[in-house]
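Morning, everyone. I have one structure to walk through, piece by piece. Please keep the sequence and the model in view.

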Amino acid sequence: MAYRRTARFLTLLLLFAGLGGCSPTSAQDSGGPLLPEQAAYDVFHYDLDVTVDPGRKRIEGTVDVRAVVEEPLEVLVLNLDRRLSVRQAWEIRERDTRRSVERKDGRNELWIDLSRLYAPGDTLHARVAYEGRPRVAPNPPWDGGLTWEETSTGAPWIATSCQTEGADLWWPVKDHPSDEPDSMDIAFTVPDSLTAASNGHLCSVEQASDSTETYRWHVSTPINTYNVALNAAPYVRLDTTYASTSGDAVPVSAYVLPSDSARGARALPDFLNQVQFLEETLGPYPPRADKYGVAQAPFLGMEHQSLIAYGHDFGDGGLGYEAPFDALHFHELAHEWYGNLVTVRDWKDFWLHEGPATYLEALYAEHLEGDRAYHDVTDYFRERVAGRTVIAQTEATTAESIYHRDVYFRGAMLLHTLRYMVGEDAVRTLLRRFAYPEGTGGAGEASFRQVTTRDFIETAEAVTDRSLNAFFEVYLYQASLPVLQTERSDGTLTLKWTNTGDVSFEVPVPVRVQDSTRRVAMTGGEAQVPIPAGADVQVDPKGWILKRR
């Protein structure tokens, strides 16, 4: 998810923390411990068909759910926001049979009774028809739902965003990051004055006699359901192709408002340069079988798979610092690898989406303008680390309970510090290998997977051939940052790590004496450095180490 690095961001965090069940605009959180009835099946395909009525801010549609049963199952539990009503549910077998649907305690679960007890290995096919006025996003993309905006000419401009609240804000779904469908079909019917853009590749556009058009899309790779996107506006579509490092010719489509078509066309080559950098750094662009897509959106941005929601002005910056590139687009694009290719199995590990995507901004600045640009960006990140809460948890949790600014900044600075500790080549190898493990070769669908923090740590240890448990324990699972105590006395500089819990924290420390910088090993968490009398001494002069200020 994009982030706005201003005081307003803190206000949004407080807003998130205060969301409750009584507000008429509140939404249930995404993720958390799965109900046994939901853990009992694995969705492999959704077929979503939605008609959009901009004038009434209303939608109606159907979703077909196909799943493999993993535990005995006699009720199908899906999620759907309580603002939307179910018209009917069916079990699709030899003959379609209508099934009863129950909502319990006003929550967002749909309990659909099944005609028989399904056994492990059985395939389940159900259909739900629904309708209503979905939640209007109070502050997209952070506080999501549907955004019903207008262009400067008064035309409808519609977009979805639902990362922390979940896709059930606007369609029936198993709302948990652990269950990605292997593929998906998506159809949007909109007034024929609009163009509807979505994930995957466009299969057809069908005109109807009632002045509507239906756009049919197919997603050929696994997709996290919060990434399923509707964008509709009187778009101009800019098409080209991109030559991937994999050898594939990737279709490119940018959906831009007519008033911005010239600026969008000028920006598109720079966007594709970013794709090339990330391919060279991490491996092939993941959804290349479908397209690289970007859609101009009436909010800042989101990493919707193969259709980035983009709300910047087609210029440099966009995320609050003086980036020598369009940082808003870059951050969302980086999520195609960290967030979409590798997706956390539970929101407790959410930092794996945002930390690497944020750190990659610094690597791109370095690529464009060198060492000084890299440190300018990481200095900016460091100043915004709060250091008051953990960024990873050990138990299943919901998206909003883990979402705060440190999953971005502390996650990025963790990787910056690790680079000093184990070397730049090792960190680059880690980022690439975690995106595409050895043996996958960037092989399309096979590389899309759910991951955990433990997976990342094990990959880091394999790449560096050393134990990194203490490093990650302090930076991920400890609320406050480590403290580096320094004392200069009698020609000796004494360094000591404190506030590191029960682990032996041995991150080395750079020390500059006069014009020479040395790397000080912190065996057992402390060291002593001889210092000539009167010498100028600076500890960590370039800001490599994340610590309490």
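Two strands count as paired here if DSSP finds at least two bridges between them. Hold on to that cut-off for the strand pairs that follow. And bear in mind that this is a predicted model.

Let's start with strand 17. It covers residues 249-256. How many bridges join strand 17 to strand 18? There are 4, and the two strands run parallel. Strand 18 spans residues 292-296. For a landmark, find V252, which stands opposite Y292 in strand 18. How does the chain get from one strand to the other? From strand 17 it goes through helix 3, residues 261-282, and on to strand 18. This β-α-β crossover is left-handed.

Now the other partner. Strand 16, residues 236-243, is joined to strand 17 by 8 bridges. This pair runs antiparallel. Here D239 stands opposite S253 in strand 17. Strands 16 and 17 make a hairpin, with 5 residues between them. Look at G247 in the turn: its phi is positive, about 95°.

Is strand 17 largely enclosed or left open? Of its 8 residues, 6 are buried, so the rest of the structure largely encloses this strand.

A reminder on the chemistry. Strands of a sheet pair through backbone hydrogen bonds, in a parallel or an antiparallel sense. In a regular strand, side chains alternate between the two faces of the sheet.

Next, two open sheets. One has 4 strands, in the order 9-10-15-12, paired antiparallel. Which strands sit at its edges? Strand 9, at 145-150, and strand 12, at 195-197; each pairs on one side only. On average, neighbouring strands in this sheet are turned by 15° against each other, direction ignored. Within the sheet, strand 9 pairs with strand 10, residues 156-161, over 6 bridges, antiparallel. There, E150 stands opposite P156 in strand 10.

The other open sheet has 3 strands, ordered 23-24-27, again with antiparallel pairing. Strand 23, at 483-489, and strand 27, at 526-530, are the edges. Each has a single partner strand, so one side of each is left without a neighbour in the sheet. From one strand to the next, the twist averages 15°. Strand 24, residues 492-498, pairs with strand 27 over 5 bridges in the antiparallel sense. The residue opposite K496 is E526 in strand 27.

On to helices. A packed pair is described by the angle between the axes and the distance between them. Take helix 5, residues 351-369, and helix 6, residues 371-383. They pack at about 155°, with axes 6 Å apart. That makes helix 5 roughly antiparallel to helix 6, since angles over 145 degrees count that way. The crossing is right-handed. Which residues meet? On the helix 5 side, they include Y359, L363 and E366. On the helix 6 side, they include Y374, V377 and F381.

Last stop: F456. You will find it in helix 10, residues 453-464. Buried or exposed? Its relative accessibility is 0%, so F456 counts as buried. What does F456 touch, leaving aside neighbours within four places in sequence? Its contacts are W351, L352, L415, L430, F434 and F472. One distance to finish: F456 and R433 are 23 residues apart along the chain, and their C-alpha atoms are separated by 9.8 Å.

That's the tour. Thanks.

Terms used. Residues numbered from 1 in each chain as written. Predicted model: local features only at pLDDT ≥ 70, side-chain atom pairs only at ≥ 80, totals over all residues. Heavy atoms only, no water. Buried < 20%, exposed > 50% of the residue type's maximum accessible area, 1.4 Å probe, protein only. Right-handed = clockwise from strand over helix to strand, strands pointing away. Axes fitted to C-alpha atoms, helices over the stretch in contact; angles between N-to-C directions. Contact = heavy atoms within 4.5 Å. Parallel < 35°, antiparallel > 145°, perpendicular 65-115°, else oblique. Left-handed = near helix turned anticlockwise from the far one by under 90°.
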